[in-house]
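Thanks for asking me to look this over. Here are my notes as numbered points, to read with the model open beside you.

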Amino acid sequence: MIIVIKGSLTFHYALLYPFTHKSLSTGNRMTIIHADLALLPSGWSENVCVALGDDGCISAVNSADARTVAGSRVACLLPAPVNAHSHAFQRAMAGLTERRGKNLQDNFWTWRELMYRFLEKLTPEHVQAIAAMVQMEMLEAGYATNVEFHYLHHSPDGTPYQNRAEMADRIIAAAAQTGVGLTLLPVHYQFGGCDGRSLTRGQVRFKNDLDGFAALCEGLRPSLKRLGPDAGFGIAPHSLRAVSKDSFIHSRSLASGRPFHMHLAEQTAEVDEVLHYLGCRPVEWVLENIGPNPDCCFIHCTQMLPHETKALAQTGAVAGLCPMTEANLGDGIFDGVTWLETGGRIAIGSDSNIRISLSEELRSLEYSQRLRDKSRTVLATSALSTGRYIFEAMTLGGAQVAGRKTGRIEAGYWADLLAIDTSAITNFSSNGDVIIDTFIFAGDDRLVQEVWSAGRHVVTSGRHFAHKQITETYRGVLSAFRGWL
Ligand code: ZN
């Protein structure tokens, strides 16, 4: 049972931009979390005391001083993971694309056409409201961090806004409002296909040449800096379909050791197009031209041959998996068995945001492997249960792709923390692995009790501190689109 000692946490939230994450702490008071059970880097530990510093980091674990200080009491404390891949604006079209209509061949590409029509209508105000909703839902699902793969840059006719970073600033403003940890990845997008064809009308809002993209990256820096020291930055050339080889080289230099993300091999038609125009399959191309390393996150490693899976896994790059979106779009099934057996690293993202659910993403990943292999506990190891193994793997991989010192309950790491409700009827055990398995396979995100992001206590008793305000604003955006599609 979780007992939160009300009144011991007196945070003052900065609700609206340009207030920053830094204003969320409480002077020099020490914030303490007492956990009956916590997942530490060494494994499960009972009666753990975690001290949070004013800088948003964990200042101590199990120090004698802190044990005497009152604070929050939680039952089961975990490092709160990173949501490694999101296109926030797509959340507002969730549920609108599930009808077949006259199209008997509905697939990823027809979905994409609807998505393009939808985003023609979006204003910066809409994007900020949608992003705030998405970030709030992520926090309430148990994530502490949003890695936003941001490619909607310009006005509907493709003209840059007066402030070239207007849309990026709106994502940042949403993060200032929600308190989520943000790693922002401006996306470079040049073409409509591997042959360098022009962008369609629906794609012109994404376009930048090399200079324009560099200016965009520079333009968003001041806002990101104001957000606070845990805000992160990386670079994302969209995909082999959308940028030239020159852009990949340019992007790599702009990233300069920071996170480097790209869509890799989501659809079979995408692989065929790359093969036709570039003369090799996507994985072969990136191995030959990009030099994958631990800075890299390849989103959608779905269409890979076994030898490609092994070769890419061995580079230390992370496979950015989006199980619910990949299922919703009918992409196919990632070969998690070969990838993980080869030492590959994984992170989990919500991508299209058709649903935002940490527990369901992890469940979907495991179930996809079971359905393919006609087996059970496919991703478990001899030492760790299925849920424990997936959760730890995606938490560490998420930290890597966000470029964020997170994923461990350890002094010096950002205080990204998640408390799970163990009093739920679905839970029968005080065993830590069983609690995580229950959260993923028998329960859902309603078991998320408390969430801290870089020390900001953003979710209390399962609810974000600005839930009502953010939801009402978002509802207003949806009503503007009602009946349009
Ligand atoms: Zn994506």
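1. Let me begin with Lys-374, which is exposed because its relative accessibility of 75% is over the 50% cut-off. Please keep in mind throughout that this is a predicted model. Lys-374 sits in the loop that links helix H12 (358-373) to H13. Its backbone deserves a glance too: Lys-374 is not a glycine, yet its phi is positive, at about 50°. For background, most residues other than glycine have a negative phi.

2. Where else does a residue that is not a glycine have a positive phi of about 50°? Ser-461 is one such place, again with a phi of about 50°. You will find Ser-461 in the loop between strand E16 (456-460) and strand E17 (463-464). Its relative accessibility is 45%, so Ser-461 counts as partly exposed.

3. Now to the metal. Which residues supply the protein donors of the zinc ion? They are His-85, His-87 and His-263, each through NE2, together with Asp-351 through OD. These donors lie 2.1 to 2.5 Å from the zinc ion. Along the sequence, the spacing of the donor residues reads H-x1-H-x175-H-x87-D.

4. Why is the arrangement around the zinc ion called irregular? The 4 donor atoms subtend angles of 83 to 169°. Four donors count as tetrahedral only if all angles lie between 85 and 135 degrees, so this range does not fit that class. For reference, the ideal angle for four tetrahedral donors is 109.5 degrees.

5. Two of the zinc donors can also be described by their accessibility. His-85 has a relative accessible area of 0% and is therefore buried. His-87, at 3% relative accessibility, is buried as well.

6. A helix pair comes next. Helix H4 (residues 166-178) packs with helix H5 (residues 210-227) at an angle of about 5°, and their axes are 9 Å apart. With that angle, H4 and H5 are roughly parallel to each other. On the H4 side, the residues in contact are Ala-168, Asp-169, Ile-172, Ala-175 and Ala-176, and they meet Leu-220, Ser-223, Leu-224 and Leu-227 of H5. Sorted by class, this contact has 7 nonpolar, 1 polar and 1 charged residues.

7. Back to H13, this time for Glu-392. This residue lies within the helix, which covers residues 386-402. Is Glu-392 buried or partly exposed? With a relative accessible area of 22%, Glu-392 is partly exposed. Leaving aside residues up to four places away in sequence, Glu-392 touches Leu-39 and Leu-384. Its C-alpha atom is separated by 19 Å from that of Ile-58, and these two residues are 334 residues apart along the chain.

8. Leu-40 is also worth finding in the viewer. It lies in strand E1 (residues 31-40) and, at 10% relative accessibility, counts as buried. Which residues does Leu-40 touch, not counting those up to four places away in sequence? They are Ser-45, Val-48, Val-61, Asn-62 and Ile-409. Leu-40 and Met-30 are 10 residues apart in sequence, and their C-alpha atoms are 20 Å apart in space.

9. Last on my list is Leu-305, in the loop between strand E11 (296-301) and helix H9 (306-313). Leu-305 has a relative accessible area of 35% and is partly exposed. Its C-alpha atom and that of Val-283 are separated by 9.1 Å, with the two residues 22 residues apart along the chain.

Note on methods: Residues are numbered from 1 along each chain as its sequence is written. This is a predicted model: local features need pLDDT of at least 70, side-chain atom pairs count only at pLDDT 80 or more; totals for chains, interfaces and linings use all residues. Side-chain values use heavy atoms; hydrogens and water are left out. Donors are N, O and S atoms within 2.8 Å of the metal (3.2 Å for Na, K and Ca); water is not among the atoms, so sites may look incomplete. Four donors count as tetrahedral if all angles lie between 85 and 135 degrees; four count as square planar and six as octahedral if opposite donors are over 155 degrees apart and all others between 65 and 115; anything else is irregular. Buried means under 20% relative accessible area, exposed over 50%, partly exposed in between (1.4 Å probe, protein chains only). Axes are lines fitted to C-alpha atoms, for helices over the stretch in contact, and angles run from 0 to 180 degrees between N-to-C directions. Helices (H or I, at least four residues) and strands (E, at least two) are DSSP runs, numbered from the N terminus. Angles under 35 degrees count as roughly parallel, over 145 as roughly antiparallel, 65 to 115 as roughly perpendicular and the rest as oblique. Contact means heavy atoms within 4.5 Å. Ala, Val, Leu, Ile, Met, Phe, Trp, Tyr, Cys and Pro count as nonpolar, Asp, Glu, Lys and Arg as charged, and the others, Gly among them, as polar.
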